[in-house]
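Trainee: I should like to go through this structure with you and ask what stands behind the terms used for it. May I begin with the contacts of one residue?

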Amino acid sequence: MLGDEPVAPVRTVPVTGSRASVPREEKVIAMKRTTVGDVMTTRVVAVHKDASFKEMIVKMREFRISAFPVVDHEGRVIGVVSEADMLNKEADVGPLASILRFRDHEKSAAVTAGELMTSPPVVIGPDAPVTEASRRMRDRRVKRLPVINSSRHLIGIVCRADVLSVFGRPDAEIRQESTEEAIAECFLMDSKPFAVIVHNGVVTLTGHPVNDQAGHELVERVRHIEGVVAVLDRLSYAGKV
């Protein structure tokens, strides 16, 4: 929380706690389902809603970032300011001005983060799976999501690169989950009649399922294993259901 004492309008937010103490490069993608908290950046450059246009430009250049979460006096996330929001001021001069939408004209006259920001922000919690973060970014057409706790205080940020990091999961882990869970546990099938080869996240399945439906279900199950890029279905189908 920001508290009652005066706070600089632009600040770097160090997040305390167990996740913050783990260096980014040492984080390991877990088996099963990776959460937003596993991959998020916990040191975030945020701006107060009263931060000036010039202050934000300086910080963007200093930290080489393209957007800021905007927080209120209590440290709660209330919006996001991106380069696109700020470009409206430049675009409002000259021939581009006539094609700006009304909301963009409003932003071109803004001088603070609170006036420029897109609100309400698209946010996510640390316990959400990265698949949900990916879906939310795609559906809302955003490049990053502020990560908030239950009281809407900023605890991190997750971007597209963080979400895509799950595809760096080792092939050996993917193969193990495919054989021990997708095949043996979910379908109660002995994995011996099946061969699972994983190379660069691409899983090749060969073998003889008890029937065609079981084979198709197995392929879908493996397709949804975290880190799988694609599944090559080489199963032998007998035309039985």
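Mentor: Please do, bearing in mind that this is a predicted model. Let us begin with R144, which, leaving aside neighbours within four places in sequence, is in contact with S66, A67, M137, I157, V158 and C159. R144 itself lies in strand β5.

Trainee: What makes the pair of R144 and S66 a polar contact?

Mentor: The side chains of R144 and S66 are joined at 2.8 Å. The limit for such a pair of N or O atoms is 3.5 Å, and the value of 2.8 Å falls within it.

Trainee: Why is R144 said to have no salt bridge?

Mentor: The nearest side chain of opposite charge, E83, is 6.8 Å away. A salt bridge requires a side-chain nitrogen of Lys or Arg within 4 Å of a carboxyl oxygen of Asp or Glu, so 6.8 Å does not qualify. R144 is nevertheless buried.

Trainee: How do you know that β5 is largely enclosed by the rest of the structure?

Mentor: The conclusion follows because 5 of the 5 residues of β5 are buried. On one side these are R144, P146 and I148, and on the other L145 and V147, so both faces are covered.

Trainee: What makes β5 and β6 a pair of strands?

Mentor: The two are joined by 5 bridges and run antiparallel. Pairing asks for at least two bridges, so the condition is met. Within the pair, V147 stands opposite G156 in β6. The two strands form a hairpin with 5 residues between them, and R152 in the turn has a positive phi of about 70 degrees.

Trainee: How do you know that the buried residues of α6 are on the same side of that helix?

Mentor: The buried residues in question are V130, A133 and M137. They cover an arc of only 55 degrees around the axis, which puts them on the same side of α6. What covers them includes α1, β5, β6 and α7.

Trainee: Why are R64 and R141 called exposed?

Mentor: The term applies over 50% relative accessible area. R64 has 78% and R141 has 77%, so each is exposed. R64 is placed in the loop between α2 and β3, while R141 is found in the loop between α6 and β5.

Trainee: What makes the phi of R64 worth noting?

Mentor: Most residues other than glycine have a negative phi. R64 is not a glycine, yet has a positive phi of about 55 degrees. R141, just after α6, also takes a positive phi of about 55 degrees.

Trainee: Why is R76 called partly exposed?

Mentor: Its relative accessibility is 32%. Buried means under 20% and exposed over 50%, so 32% lies in between. R76 belongs to the loop between β3 and β4.

Trainee: How far apart are R76 and H153 in sequence and in space?

Mentor: They are 77 residues apart in sequence and 4.3 Å apart in space, C-alpha to C-alpha. Not counting residues up to four places away in sequence, R76 touches V70, V71, S151, R152 and H153.

Trainee: How do you know that the peptide bond joining S119 and P120 is cis?

Mentor: The omega of that bond is about 0 degrees. Most peptide bonds are trans. P120 lies in the loop between α5 and α6.

Technical notes. Residues are numbered from 1 along each chain as its sequence is written. This is a predicted model: local features need pLDDT of at least 70, side-chain atom pairs count only at pLDDT 80 or more; totals for chains, interfaces and linings use all residues. Side-chain values use heavy atoms; hydrogens and water are left out. Buried means under 20% relative accessible area, exposed over 50%, partly exposed in between (1.4 Å probe, protein chains only). Helices (H or I, at least four residues) and strands (E, at least two) are DSSP runs, numbered from the N terminus. The arc is that of the directions from the helix axis to the C-beta atoms. Contact means heavy atoms within 4.5 Å. Lys and Arg count as positive and Asp and Glu as negative; His and the chain ends are not counted. A polar contact is a pair of N or O atoms within 3.5 Å; within protein, one must be able to donate a hydrogen and the other to accept it, and residues adjacent in sequence count only if both atoms are side-chain atoms.
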